[in-house]
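Q: I am new to this structure. Please take me through a single part closely: the sheet, and what lies around it.

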Amino acid sequence: MGQIEIITANTAAAIAAKLCRVQVISAYPITPQTPVTEELAAMVESGDLKAEYITVESEHSALASVVAASQVGARVFTATSANGLLYMHEMLHWAAGSRVPIVMACVNRGVGAPWTILNDQQDTIAQRDTGWIQMYCRNSQEVIDTMIQAYRIAEQIQIPIMVCYDGFILSHASTPVDVPFQDEVDRFLPSLEDRSGIDGKTPMNVNPLILSDPRPDANGVLMPGYMEFRYRLQQDILGSLEAIQSVDSEFQDTFGRSWGGSVWGYHMDDAEHAIVSMGSLASECTVAVDQLRSEGIKAGVVGVRVYRPFPSSQIVELLSGVRTATFFEKDVSYGYQGALAMDAKAAMYESKSRPEISSYVVGLGGRDVRPEQLAEATLKCVKGPVQHCWLNVSG
Amino acid sequence: MATTSVKQLPKTEMILPGTRSCAGCGLMLTYRHALKALDEGKTIVAVPASCMTVLHGVYPITPVKVVCINNPFAATGAAASGIVAGLKATGKSDYTVVAFAGDGGTYDIGIQALSGALERGVNFIYICYDNEGYMNTGTQRSSASPLGAVTSTTPILSKLQHKKDMIRIVEAHDLPYIATGSPAFPFDLFDKVKYAKDVLGSRYIEVHAPCPPGWGFPNKDLVKMGKLAVESGIHVLFEIREGRFSLTSRSLAMAKKGRKMNVSDYIKGQTRFKKISGAHLAQLQEFTDKKWNESLERHFRDNP
């Protein structure tokens, strides 16, 4: 148990960074992430948090500076949203390729043009192939807990993590949050082991030019080529599902809360009809399920907490027993369909008992979507599959 | 005490045989003398995608005895900021962080991150090795390319604009130390890097680095070309300590004795200027004279 405070998800993320004793923070303001940068700046200036705070001139520089700070041994944090995240795109690949354990709060917002400051998940979904782990949170409690878990996971496997939560819906909504005590966080998350190799003696060339094939070093030992490094990243990010699960279990032992590892279920034990979603929308889907259940429909929610690596076997396991699966997501891969539905369908191809799958794109740029609309849309899919439909949109 | 003899330079070579730089590379000679002025083991270099990446060799072998952290093209100022912050946060003291970027990575794509770092007063040295174009990708035009130069992206008309005045941009950030240098004047360069090492705050040094394949002159003429640049006034050697401007080395001697060379003496040995028009040559001479006279005025005002 910690201390109950009424805070927003942005404050939860800032407090989590402090509890994790981050040593270097670098961030550039963008709505709706801004309060995270402001609150951490105040903590650093007041001396409550002993850290270096770099007030960079862009998001590209924010990520470039935390990558470099991490490379010389510091625990680092940054945060962004929408176009800021897109501006980081080059550095996202660079960070993952550098194998640095950065944790970044991504406050989900629709991307321009035209400008919107309101929520959808297009920004982070568009970064799915950059080699980062992506974790999506349902509420502010999950934000603070996931941030703490994320440092453990990232530092264990040396892969950066985006902790994603919905702009305004979570970032600016105050709810009660159990804020863990510092000593408990310190026990759960030990200080970062310095792997920089900087010892005042040893020369290094970090992230140099590399050839396609393995090449011997000065002692004749064959060292990896470009593709070997890429293969290791892929193996390690695939393998991280295990670490994500075990860190969540250990978190439960320490703090009494589990977030389901990579995928969580709501009334899935006897569900005949599944709703699949991510983030606060998945949370809202539980309300739709309550309504459907009251109408006699055995519905349940599959909440995807980790989108990369994609927890395909867990999703297949949960969906193999249901008759229909309806996807609701706040993103689209233009020219095809929602990314989550696409990935889950590909995963289900291997399954012998496949449900009928329907997919909806909802809530882009803050478009409101209510639980009863989700229930109604699900009911439609119970009667027959709906292929890639946009909800609440006038054609 | 100014270095006047090669015997006064440290014997330690931080760059071992086997670099991947071209024969007669101006950057190579610049880097060699800059590193001699810095402490072995206590120097961390931030490098963007550039000729410097090539110089540092191909994984897993490097001929350079420093900690080099490579970073994306636009990110040098930010990466150096992160290194400085990370070292401080983890209690690693006494390191000198030196960013080493080309003119493309400084004047063009890296200017935002550089300006950010300079404005924040990050405690590091930024050395721009200016070879006046995108030489690593094959001689494309940069905003540091001079008027009248043929580049692979100004192949017919040659460059129609003057070189950007990066020093004025850097100076607008109010730095404690700004200097120019040349590999053709290694003692001057060595002294400036050594001085910069002990200044607190953001320090900027711009080195004019002749490039045989990019400019079109024989490899053996690197030093000659560097000297001609200074002696014609194309590149002026000076330093600005806390705002006080002083000519140095050959430029200082020229200020006292008068300038001897014209721009035409400098450009005639370079194929990139083979198509320069009379009008462009006159403009380049006028541009050079204006800058030289400004330097003279400033030098004698600050050093009465």
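A: Start with how an angle is read here. Axes are lines fitted to C-alpha atoms, for helices over the stretch in contact, and angles run from 0 to 180 degrees between N-to-C directions. Keep in mind that this is a predicted model.

Now take helix H7 of chain B, residues 186-197. H7(B) lies across five strands of chain B: S3 (96-102), S4 (124-130), S5 (177-181), S6 (202-208) and S7. Against S5(B), the helix runs at about 160°.

Those strands belong to an open sheet of nine strands. The order is S9(A)-S2(B)-S1(B)-S3(B)-S4(B)-S6(B)-S5(B)-S7(B)-S8(B), and the pairing is mixed. S9 of chain A and strand S8 (244-247) of chain B stand at the edges. Each has a single partner strand, so one side of each is left without a neighbour in the sheet. Neighbouring strands are turned by 15° against each other on average, with direction ignored.

Look at the S8(B) edge. Strand S7 of chain B, residues 238-241, is joined to S8(B) by four bridges. These two strands run antiparallel. Phe238(B) stands opposite Leu247(B), which sits in S8(B).

Move to the other edge. S9(A) is joined by three bridges to strand S2 of chain B, residues 67-71. This pair runs parallel. Val206(A) has Ile69(B) as its bridge partner in S2(B).

That edge brings in the contact between the chains. Chain A gives 45 residues to the contact, and chain B gives 41 residues. The area buried between them is about 3,300 Å². Carbon and sulfur atoms give 64% of that area.

Polar links cross the interface too. There are 15 residue pairs in polar contact, both residues of each pair at pLDDT 80 or more. Three salt bridges are counted between chain A and chain B. One of them joins the side chains of Asp194(A) and Lys92(B), at 2.7 Å from N to O.

Which elements of chain A give two or more residues to the side that touches chain B? They are strand S3 (52-54), helix H3 (59-71), helix H5 (89-98), strand S9 (204-206) and strand S10 (215-216). H3(A) gives the most, with seven residues. By class, this side of chain A has 24 nonpolar, 13 polar and eight charged residues.

To put the part together: the open sheet has S9(A) in its order, next to S2(B), and H7(B) lies across S3, S4, S5, S6 and S7 of chain B.

Note on methods. Residues are numbered from 1 along each chain as its sequence is written. Chains are lettered from A and ligands numbered from 1 in the order in which they are written. This is a predicted model: local features need pLDDT of at least 70, side-chain atom pairs count only at pLDDT 80 or more; totals for chains, interfaces and linings use all residues. Side-chain values use heavy atoms; hydrogens and water are left out. Contact means heavy atoms within 4.5 Å. Buried area is the accessible area (1.4 Å probe) that two parts lose on being put together, summed over both. A salt bridge is a side-chain nitrogen of Lys or Arg within 4 Å of a carboxyl oxygen of Asp or Glu. A polar contact is a pair of N or O atoms within 3.5 Å; within protein, one must be able to donate a hydrogen and the other to accept it, and residues adjacent in sequence count only if both atoms are side-chain atoms. Ala, Val, Leu, Ile, Met, Phe, Trp, Tyr, Cys and Pro count as nonpolar, Asp, Glu, Lys and Arg as charged, and the others, Gly among them, as polar. Two strands pair if DSSP finds at least two bridges between them.
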